[in-house]
Structures are given as structure tokens and as C-alpha cells.
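The following note is meant to be read with the model open beside it. It begins with one helix and then widens to the chain as a whole before turning to individual residues.

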There are 2 protein chains.
Amino acid sequence: MSPAKVTNRVVIDHAAEPLTTGPSRYNKGDPARFEADWLPKIKAYNDAITAAIPKEYLAPAELLPEGDLDTADFDATTVPEKVMDAEDFAITELTATEIAKKIKDKDLTAVKVITAFIKRATIAHQLTNCAMEILFDYGLARAQELDEYYEKTGKTIGPLHGVPLSLKEHYNFAGRVTHGSFVGLLDNVTPEFSVTNQIMYDLGCPQCLMHLDSFNNITGRGRNARKLKMSPGGSPSGEGSLIAMKGSPLGIGSDIGGSIRSPAAFNGIWGLKPSSKRLSMAKSVVPTIDTYDELINGVYGPMSNSPEDLELFMKAYFTQEPWMKDQQCVPIPWREVPQPKAEELTIGICYDDGVVKPHPPVLRGLKHVEQKLRAAGVNVVTWEPHRVYEAAEIANVAYTCDGNYASVERLAASGEPTAPLTDHYLSMGKGDKALTGVETQFYANSREILRQEYLELFNSRGVDFIIAPTYVGVAPKPHEVKYWGYTSLWNILDYTCVTFPTGIKADKKLDPEDKEYTPRNEYEDYEYGLYDADAADGLPIGLTLAGRRYTEEAVLKASKVVADALAA
Amino acid sequence: MSPAKVTNRVVIDHAAEPLTTGPSRYNKGDPARFEADWLPKIKAYNDAITAAIPKEYLAPAELLPEGDLDTADFDATTVPEKVMDAEDFAITELTATEIAKKIKDKDLTAVKVITAFIKRATIAHQLTNCAMEILFDYGLARAQELDEYYEKTGKTIGPLHGVPLSLKEHYNFAGRVTHGSFVGLLDNVTPEFSVTNQIMYDLGCPQCLMHLDSFNNITGRGRNARKLKMSPGGSPSGEGSLIAMKGSPLGIGSDIGGSIRSPAAFNGIWGLKPSSKRLSMAKSVVPTIDTYDELINGVYGPMSNSPEDLELFMKAYFTQEPWMKDQQCVPIPWREVPQPKAEELTIGICYDDGVVKPHPPVLRGLKHVEQKLRAAGVNVVTWEPHRVYEAAEIANVAYTCDGNYASVERLAASGEPTAPLTDHYLSMGKGDKALTGVETQFYANSREILRQEYLELFNSRGVDFIIAPTYVGVAPKPHEVKYWGYTSLWNILDYTCVTFPTGIKADKKLDPEDKEYTPRNEYEDYEYGLYDADAADGLPIGLTLAGRRYTEEAVLKASKVVADALAA
């Protein structure tokens, strides 16, 4: 007698699996229902945005590019200075760190600050369509309260007293609609703040300026602040554009595959993707329904115009002990680490992940950074990529491992049509084909093995941090990006990343297209082929500094070494 | 046109699901193959154990109980004093903390210490059958090296220099067989140490005295040190018996449903079940095959005769930064917390989990502890149980969520017969029916909700710690225990637990059977019905102190308050 066969053993060669499958069969849309039931709600929603815009702060027509903003070859960051008075403009040029100090020192009031940012944010939205919801009234009222509190008590309410903050739309906002870009959730008024929103409120942020997101069927396409016709990245693309426009000094995004880092890189700003479970994601709209996907974890993180502001945010956040509010948060407080000297660091530079070669501007950016780091005294080595395709395959399977049911249910609620990149998202990994439980465990195990291999590589190569592309290129045209391997690698590893501007820009003369290059695979054929030297010209080159899991303190300190080296 | 139906949505009412299903259909056994191929290997394995026993240290026949040890109503802990010389006996009465200090102070040598423990461990094994592997030669050789190192350098090799350590068999031991109690792995010679074994080696433990486990087809049944005929708990039951016999001052167990806590409680010793991912489980034999079950995490933790020794172990362990060796470990170092005074603590006592009422001795133990704590000044409240059945259901489903395939494959390798409690294990949750991926995510989400509810209950009730039964009763008869809810609750919540002896024992006069009680459900009917006042008489009553996730430092300090209160 031999034992009954147990058939659910899984053996998958991740290197031989495709990164995507066919389009979702489940996701059909329902144009008639969408138009009849939901377009009126969308119109009402957009009318409310329009009504909330202070018309007197808008940039005059003569400062706008001619024709359709969506196709304009126009750097919107040049506009605010021409519209705003010098004092307000100067306030909005301050970093969050400087604002917090000036309010504490009574050089500025919270109302003065938020008013200046409301003016600049108005222009930012006018040009980039970054906002999903305008919360100026809310922010102004809270700023008044904060000023009164300070006046009365002589104390600031918290370390971010009076610092305006912008928020990705997905975080529950008490008494407002939180829809997470799903049309079908346009009636979802959330009764309480997300844990993170509450923490920011308690820290003194007169949140929030705006709610932000990327292309969606509610507010349409956001535009890149540096060149309107190009993509601002996503998903909190509005966050990238708004902060690049200095319409907000500090914002929060979320990231499960690059959603903090790509808008940061594409708009030329700074962004921190922490390791999972440091910042609370509790009480947010995410595309799950009564489920919790443990294969890959999304994270929240700050976006700003300087590494100091990212640090300010994190340091302040942990004074609130998030693990006492949200059980998912690991109880790791903010751990001060000494600022390393350049010569104490070994940084590996990744010029190619072995799957898709970076576009010419990004390669030049990497070389530029290498040169600057060497000049500053950093020990720079070349980082040989390790199983990045497998990491991308695991990540892509993780995104859709529920067989798309939650996303499709959310979309089906309104029958809304899907954007091209949503279609792509639904086709990632195994698409509509949900993993079995044992397959889920198999993928989890493969991810754990990969994490151990990277830990051992960091140990054996003696590398402290890696600098790598954030994306294959600079900001792409809308709806184009399909390969996320440069960012999703760090999600699968759960490493900490700081995306930073190199200070240099794509240049069609220095970065000609390479027509001779022979792609190594279908993904490279597509993604490397997206490079268009004319379209890229002038766009910022943003790279990413990555460090081990749960090393936010150290990565931020190292990012200052990088910033200093680049500024030298 | 309406969207295609996505059928994989999951709605399960955990409170209405059974805790077990029918027996495994897959697990058949193959007696002929087992006898022909594997019994000879088992015999060789046991012969090696017998050969490794130093006959000169055995207790003489006249000190042993008459008849079969397995049915003896005999307290084995009384024997060593009658066999050993006074000096060796005195050494083995020391705690690990005292041993480490005496070796450091050169009052004792490592060889002297391990020799004394080898003598006592020999008697322990003779009576309780606690060992799966005898590693006396290895430990003695290492102790000699340690003494020479200290002599030569004037330095101890680490904070546990010379402290003998016993280990659960599942952790890879370089150059030895690691089988994890599966007969089919009797040829599995592991080339390297598990991460935790290596850490203990580096800390100076002349590991290891013995390898330990519970009932299995290799070495048979282990016996309870306090009453041989009773169960020592499991799975590292040998660890509980060995430490209760003071054949080892310190051991490591693992726990995914009570496997550190039940042997500790049943044998009257101390055990710490940390939250997951503090101690490394890397490179161990666990019943998975290329899979990683994230629904419930096993943990490693120390067992000893005092809370100080548990703390000594933990403090020493973290000097080795396990997160730099094993990526699964969270980078939380050992965080010193002040020793609270009794009057600073609020402790909730759980007298009933709402599923199975504790047996009379355990209820009396809880009352005793309440009285002692009150007398010491602790603020004691009654803890109302919260959804313990649902937690047990989630845990039970988690154990077998791969549809038993890995366990069954491991068992099928040898065709070994399964023990009654292995059959029970395979029938837990949904048994052979593996979860789908979406079901896995649904269960994970339910677990997260439960964890958040408990966090909020701890906050709103103002409770610092809970004292609860470790099991429904004191040590049961072998092969009886089926309800793990009192321990698996803390696994599902991932809370930190210290199991401690109350200092009092079951007493058939004080704890008569309650024949009038009407069970509330089938599980209680069975488990409450197991109480046998005669069998329980004289067995130690061990309870468990539980605290929030990742609060090992605080729970250990609080456990000292409990120990002091009980000793007063």
C-alpha cells in the first residue's frame, strides 16, 4: 500500500515564467451604466474641485502655454514666481524644516504659511491637474486654530506645527469621500481619519492642502511639472507635480511598486520609500476586499524637496508611537545614527539590472553620480545585478495574486472604463488566475530566499548602499511604462529607498538614441525602445539610493552624503 | 453588458467554522516499507544513543520505580540528589546566570560544569527518555576549548561562556543528522549549523548536551519529570523534562501553538515564547517543502528554571545582531527597560477563555496568583475573553493550510505510522483541503483584524499584561490534548509570553472533579472531561503571562514581579 498522492506540490522556475499574461477577461466595463449612474457624480465631484479653487490666485492666461496643456512642451515650475508676490513666493521656497523653525521662532504664522502655499498650489493644480480634492478651507481653519493655540499656550502643538501637508487620496479623511480613484467609491464618506492622517494632525500639520492621485476616471490625467505633456509617474503623481511646483513643502505617498519613487524621480524631487510596517497604512482605501496580501506589502512614505525634510517627517512621525495605534507597525522608534563621512561609505552602482538596460540619460546620470561620489571620497564599486528578473516575476505575480477579484469588483461597481496602465496592471503576473494557497506559500518562500541572498550579498560584497535607476528612463510619455523591475525589486526585498534628483537633466545632444542596441528580451525590446531623446530633453534625472531593510535612519543620512557630493 | 462574475470572493464566519475536520485521507502509512527500510535505521539511531550514554552515571536500579516507567506514578526529580556527589549536585542546582558568573569569576571551569550536567542529564534521560541525540562528547570537547581559551586570553568567549545548552532537535547541527522527528529524514546530515545554533556557539555555550523532542517514531515517548506516566507536553517535551530534572540549565524550544509553553507548564519550569522574527529560525527542519506559511509563524525561545536565565539568554542573543545573519529577523536590539514595581502594573486575569473552562487545579492556580499579586500591590482586574474561538479557528486552519501536503510527504518518505496527536494535527482546520490563495488572504485579514482588536482592548482596558492558563489543565495523560486555544491565541496575536510555575501543585483534595458542570460546546465536553483528579494530583500548575507584540523585555521584567509576589 503506498500513500495517496498529494498533488498540490508546487515547482515553479521564476526565471522561466513571463512577467505578464493576457488581458483580464473579467474586467469588462459597462459604459451605459457608467454614463447614466456615475458620470453625473463625477461631474459633481469635479464641480466641487472647481468651486474650491480661489480664482484670484490663478495664473493669468498670458503665462500659460498655448493650446492643450496635455500636449504642451512646457516647464510649469517657472510660472509661480511670475504670479505670486515676493513675500509669498519666498515662503513657498522654504523647506518644511525651515517653515517649522520659522513658525516656532514666530517669524511666520501658520496662516501666513498656508495662505502662501494655497496660492502656489492653485497654480500647480491649474497647470498639472494634480489635485483630486481641494481642502484649502480645512487647512486654513486648522492653521488659524494652530496660531491661536500657540498664542495662548506659548507652545507649538507638535514638531510639524503649521507645516502644510499634501496627502495621497487613499487615506481616510474624516467626513470626506475617500475613493482611492475608484469611481464606484465616490459615495464612500469615511467617518474617521486614517491612522497616519491622525498622526500628522497631532503633529501639527494643517492638513491637508490637497488630495492627490494619478490618472483616473474622476479627475483625469495629471501632468509632469517639468514638462506638462510627459507623465508625472504614479500613482500619487499629483504629489510629485505639486511638490515640484512647491505648491506643498511635504507630502505623503504610498508605494507597492514605485509609486513614491517614480513621481519623485520624474518630477525631480525627493522621496522616501521606507520598509514595510514602519508607517501605518491602517484605514486607507486599497484594492482589497476582506483580504490581506502578504506576498508584497505597500508602504507609505514622505515626499519633499530635500532629504532634511524627509528626516523631519520621519523623526516627528515616530514621536507618536504608531505601533500603539496600528498593530501592523513594528515597534522600532526613530533611532538616531551618526552622520557618516563620505569616506566611510561603500556604495555600489547598478548600471544595468540584467533585464532592461537604462536609457542614455539615466546611464549618464549614474556615471555623473559615480564621479561626484568618488570626488567626495566615497568608495564606489559596480553592483552586479542579482536575479532581478525573478524578483520582478515574484512582484508581478504578487500584485494580482487574488486573480484580480478585488480590483475588478471595485471597477465593476461603476462599470468605469479602464485606463491602459490599469489594463496592464491587471495582466501582470498570472492576471485573472488566482494563486492557490500552496502557490502563494511557494512564492512567499522564493521571496524569502531572495531576501536572504541579498543580505548575504550585501555582507560579502561589503556594500552599504546601492544607487540604481528609479526607472529605465526619465519621465516617459503617459500610459507607456510597463517594466517596474528597477523599483519593484526593492518592494520584494522590502529595502529602504531614497529617490533623489541628480541635479542634471536629460539632454538630447548628450543622450542620443542608441539604435544599434540589441535588446536581450521582449521586455527590454519594448521598454528600451520607449526612449525618445526629444521628448526626454530637459527632464530631471532622478536615481534611487537603496539600503537594507529597516534602515531608514541610515539611508537618509547617506542620502545627505550623496546630496553634498552632487552639490560640490 | 454586466461584468463577468469574479467568483473567488471569500466570506467565512470564523465563529461558525469547526476547529477540526475528519482524519487525513492522504496520510496512510506503509508498515511493510517502514519495517523493512526504516526500522533498521531507527534501531541504529537508538543504538547510538545508548552507546553515548555513560553507564557509570546511571541511577542504580533500586532508585528506580518498579515496573514500566511509562506507567509509573513517580516524581523523577527526586532521584539525582540520591545518585550524584554533593559537589556535582550543587553545580547542577545553579541557574545559568550563576554558572556564567562562577565561570567568569574562575570559581568553576566549563569542563567541571558540563561534566556535572552530563551526569544529571544521564539520569534525566534514563527516567524521562528526553533525548533524541546525546552530544556529551561534543559538549565536553568544546568546554575544554573554552577553558583553554579563557586560560590563554584571560577573556571569556561570550556572555554564555561555558553555560551548557540543550537544543530542540529541529535546528541544523553541523555534521549531524537533523530529522525534525520525521523518520524519513534519518539520513539528513546537515552540513552547517542553524543560525541560532551558530549564535549560541559564538556566545560560548558548549552546545549541546542533547537534542530533544516529543513523542515520535524514532525514540518513542518522553515522560513528564514530575510524574513519569503523564505527558511532558510537546513538541520539545524532552526540553521540559530535562530542564525540570536540572539536566540542563538552559534550553531552546520552538513554539507555533504552545510547544515552549506546554512543556514548561507541565514540567514546572520557565519558558519564553517571543514574538515572531526576533530569534532566527533559519536552517531548521520544519514541515514545509519549498513553501513559507505566513498565516502563522513559529518562533524559537528559551526554557530554564528562572526568569533571570531567560533574560540572560535573550540579552546575550541580541549581542549577535541576528538580523545581519537572517533576513527574517526584525532589527530590534535588546532594549533595557526599568524593572517596574508591583504597584505600577495592571494585570488582567483570564479565568475562562469562553471556549473551554480550565480544570479545577488551574482555576485554583489563577486565584492563588491573583491573591499573591494583590498582596504585592499589583492592580489586578478580570480579563474578559475576546473572540478566542475565532482565534483558535484561524490558528487551526493556518496549521494545515497547505492541505497537509508537506507533512504528508515527509511522513510518506518512510511510511511511518502516525501517532494519535499527529493524526489530530492533520485533521485541524480544513485538514487535507488546502486553502485557495484568496482564502489564505481572507484568513490573514481576519488575523490582522483580531490583532487590532486586541491592541485596542489593551489600550481601552488599560491592561499591561494578562495572566491566563497555559493549558486547560496540568500535565495530561499522553496523547490526550486536543484543544490548544489557550496557547494558540498568543501565536495568532504574536504576543510575547512567559510561562511560569505558580509554586503550587494540583491536589486531589483541594481540586475535586466537578461532575455537575455542563459543557458549552463539543470541545469543552471533551477537554474539560479529561480532568482526572487522581492523575493530576501533585503536578505543578504553570500559568502564562502574556504581553503585547515585541515586548520581550517588558514581559520578562513583569514576570519577575510575578515571581517575587509568588515567593512572598
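1. In H12(A), the residues Val388(A), Tyr389(A), Glu390(A), Ala391(A), Ala392(A), Glu393(A), Ile394(A), Ala395(A), Asn396(A), Val397(A), Ala398(A) and Tyr399(A) are buried, so that the helix is mostly covered, with 12 of its 12 residues buried. The reader should keep in mind throughout that this is a predicted model.

2. The geometry of H12(A) can be checked by a simple rule, because a rise of 1.5 Å a residue gives an expected span of 16 Å for the 12 residues from 388 to 399, and the end C-alpha atoms of the helix are in fact 16 Å apart, which agrees. As for what covers this helix, its buried residues pack against helix H14 (420–427), H15, helix H16 (485–493) and helix H17 (522–528) of chain A.

3. Chain B can be read in parallel at this position. Helix H12 of chain B, residues 388–399, has 12 residues that should span 16 Å at 1.5 Å a residue, and its end C-alpha atoms lie 16 Å apart, in agreement with that expectation. H12(B) is mostly covered, 12 of its 12 residues being buried, and among them are Glu390(B), Glu393(B) and Asn396(B). The buried residues of H12(B) pack against helix H14 (420–427), helix H15 (437–461), helix H16 (485–493) and helix H17 (522–528) of chain B.

4. H15(A), one of the packing partners of H12(A), deserves a separate check. At 1.5 Å a residue, the 25 residues of this helix (437–461) should span 36 Å, and the end C-alpha atoms are 36 Å apart, which agrees. H15(A) is mostly covered, since 19 of its 25 residues are buried, and the helix is followed by Gly462(A), whose phi is positive, near 65°.

5. What radius of gyration would a compact globule of 568 residues have, and what does chain A have? The rule gives a value near 24 Å, and chain A has 23 Å, which agrees. The C-alpha atoms of the chain fill a box of roughly 85 × 65 × 50 Å along the principal axes, and its secondary structure comprises 19 helices and 13 strands.

6. Of the 568 residues of chain A, 64% count as buried, while the chain exposes about 19,700 Å², of which carbon and sulfur atoms supply 52%. Among contacts in chain A between residues at least 6 apart in sequence, 83% join residues at least 24 apart. The chain carries 59 positive and 78 negative side chains, and the centres of these two sets lie 2 Å apart.

7. Two residues illustrate how sequence separation and spatial separation can be compared. Gly29(A), in the segment before helix H1 (31–52), is buried with a relative accessible area of 13%, and although 382 residues separate Gly29(A) from Leu411(A) in sequence, their C-alpha atoms are 7.5 Å apart. Asp73(A) and Arg387(A), which are 314 residues apart along the chain, have C-alpha atoms separated by 38 Å.

8. Asp73(A) lies in the loop between H1 and helix H2 (80–83) of chain A and is exposed, with a relative accessible area of 53%. Leaving aside neighbours within four places in sequence, Asp73(A) is in contact with Lys227(A) and Lys229(A).

9. The loop between strand E7 (270–273) and strand E8 (299–304) of chain A contains Asp290(A), a residue other than glycine whose phi is nevertheless positive, near 60°, and which is partly exposed at a relative accessible area of 39%. Thr288(A) is found in the loop between E7 and E8 as well, and Thr288(A) is partly exposed, with a value of 25%, because that figure falls between the limits of 20% and 50%. Thr288(A) is 116 residues from Asn404(A) in sequence, with 9.3 Å between the C-alpha atoms, and, apart from neighbours within four places in sequence, Thr288(A) is in contact with Ala406(A) and Arg410(A).

10. A positive phi in a residue that is not a glycine also occurs in chain B, where Ser181(B) has a value of about 75°. Ser181(B) sits in the loop between strand E3 (176–177) and strand E4 (189–190) of chain B, and Ser181(B) counts as buried because its relative accessible area, 15%, is under 20%. Which of the two residues, Asp290(A) or Ser181(B), is buried and which is partly exposed? Asp290(A) is partly exposed, whereas Ser181(B) is buried.

Technical notes. Residues numbered from 1 in each chain as written. Chains lettered and ligands numbered in written order. Predicted model: local features only at pLDDT ≥ 70, side-chain atom pairs only at ≥ 80, totals over all residues. Heavy atoms only, no water. Helix = DSSP H or I, 4+ residues; strand = E, 2+ residues; numbered from the N terminus. Expected span 1.5 Å × (residues − 1). Buried < 20%, exposed > 50% of the residue type's maximum accessible area, 1.4 Å probe, protein only. Rg over C-alpha atoms; globule rule 2.2 N^0.38 Å. Contact = heavy atoms within 4.5 Å. Areas by Shrake-Rupley, 256 points an atom, 1.4 Å probe, with all protein chains shown as cover. Lys, Arg positive; Asp, Glu negative; His and termini not counted. Charge placed at Lys NZ, Arg CZ, Asp CG, Glu CD.
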